[in-house]
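Hi everyone, thanks for making time for this. I'd like to walk you through one structure, going from a few single residues out to the whole chain.

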Amino acid sequence: MKKLSIMFSLVAMLALCACNHATFIKPDKAAVEFTLEGGDASVGVSADGSWEVKECPEWVTTEVRDSTLVVKARRNDTSKVREGNIVLASGDVTATVAIKQMTKCTHITTDVEAVEFEKEGGSKTVNIDTDGAVQVVAPEGFTAEYAGGVLTVSATANEGGQRGGDITLKADEVTTTVKATQSGNVCPTCNGTGKVICSKCRGKGYYLETRGEPSNHGCPKCGGSGVEASTFSDLRKGTGKMTCPTCGGSGS
């Protein structure tokens, strides 16, 4: 009777184990790619039973957290691209996640070439596609941070003139830039002076009249007499400056 009881218990355990096997395993990613530096990646796994990691490359470690597979890759110092597969299994049911790790950056691609800010400042994002560990350098007046495929660019309020420059993104031997510009309280055309070089005399205050006998005339556009004088010293010249067409002379 005791032997019969033990036999029934073993059969029940085997049946329970068999019932707990999954009929499907579906990772939400078919492949995971790491940069040279390595790091962590998460793969969501759908299954109707228990599953485990059956195989994985020696250069990665795995951890199962509920329905999530966490993959960790070490830095790749082999100078070669590393590739392999992680195999998930439940009885006879299996699923594969391809793993790849680059040896150095091959590209940095941005979804926009420039970001523009009003004088009040603010933040904007740029989507980045890259297989490298990106380092960022921003021009004066701007900050830029890169994380998880997104470049976040910020600008403080600008009380001066228009400013701008290139945000540089670099990984290994690959470099690209995103241009950042911001308007300000000071007119960018005249730099706040309200005046620009006279378009008629090019800043000289007089111009050469070539009809008939060549003669100099004071430039009327910037305050000159507009007529010829008997001697150049008597010529009433203009200032060489005219009202800024952008700001109308306000300087802002």
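Let's start with Ala73, which counts as buried, at 10% relative accessibility. This is a predicted model, by the way, so please hear every value today as computed from it. Ala73 sits in strand E6. What does Ala73 touch, once we set aside its neighbours within four places in sequence? The contacts are Phe34, Gly38, Gly39, Trp59, Val60 and Gln101. There is also a distance you can check on your screens: from Ala73 to Lys100 it is 9.6 Å, C-alpha to C-alpha, with the two positions 27 residues apart in sequence.

Strand E6 covers 68-73, and just ahead of it comes a loop that follows strand E5, 60-65. Asp66 belongs to that loop. Is Asp66 buried or exposed? It is exposed, because its relative accessible area is 78% and the cut-off for exposed is over 50%. If you like backbone torsions, have a look at this residue: the phi of Asp66 is near 55 degrees, a positive value in a residue other than glycine.

Asp172 has a positive phi as well, about 55 degrees, and it is not a glycine either. Where is Asp172? You'll find it in the loop joining strand E15, 163-171, to strand E16, 174-182. Asp172 is partly exposed, with a relative accessible area of 35%.

Now over to Val134. This residue is in the loop that runs from strand E11, 122-130, to strand E12, 135-137. Although Val134 is a loop residue, it counts as buried, at 9% relative accessibility. Which residues does Val134 touch, not counting those up to four places away in sequence? They are Ile108, Tyr146, Leu169, Lys170 and Ala171. Thr168 is 34 residues from Val134 along the chain, and their C-alpha atoms are separated by 9.7 Å.

Next, the cysteines. A disulfide is a covalent bond between the sulfur atoms of two cysteines. How many disulfides does a search of the whole structure find? It finds zero. Take Cys190: its nearest cysteine sulfur belongs to Cys247 and is 3.7 Å away. The cut-off for a disulfide is within 2.5 Å, so Cys190 is in no disulfide. Cys247 is in no disulfide either, and its nearest cysteine sulfur is that of Cys190. Both residues count as buried, Cys190 at 6% relative accessibility and Cys247 at 14%.

Let's zoom out. The secondary structure comes to one helix and 20 strands. What about the overall dimensions? Along the principal axes, the C-alpha atoms fill a box of roughly 135 × 35 × 25 Å. The radius of gyration is 36 Å, where a compact globule of 252 residues would have one near 18 Å.

A few totals to finish. Of the 252 residues, 32% count as buried. The protein exposes about 15300 Å², with carbon and sulfur atoms supplying 50% of that area. If we take the contacts between residues at least 6 apart in sequence, 55% of them join residues at least 24 apart. As for charge, there are 27 positive and 30 negative side chains, and the centres of these two sets lie 5 Å apart.

That's my tour, and I'm happy to take questions.

How values were computed. Residues are numbered from 1 along each chain as its sequence is written. This is a predicted model: local features need pLDDT of at least 70, side-chain atom pairs count only at pLDDT 80 or more; totals for chains, interfaces and linings use all residues. Side-chain values use heavy atoms; hydrogens and water are left out. Helices (H or I, at least four residues) and strands (E, at least two) are DSSP runs, numbered from the N terminus. The radius of gyration is taken over C-alpha atoms; the globule rule is 2.2 Å times the number of residues to the power 0.38. Buried means under 20% relative accessible area, exposed over 50%, partly exposed in between (1.4 Å probe, protein chains only). Contact means heavy atoms within 4.5 Å. Accessible areas come from the Shrake-Rupley method with a 1.4 Å probe; for residues, only the protein chains shown count as cover. Lys and Arg count as positive and Asp and Glu as negative; His and the chain ends are not counted. The place of a charge is taken as NZ of Lys, CZ of Arg, CG of Asp or CD of Glu.
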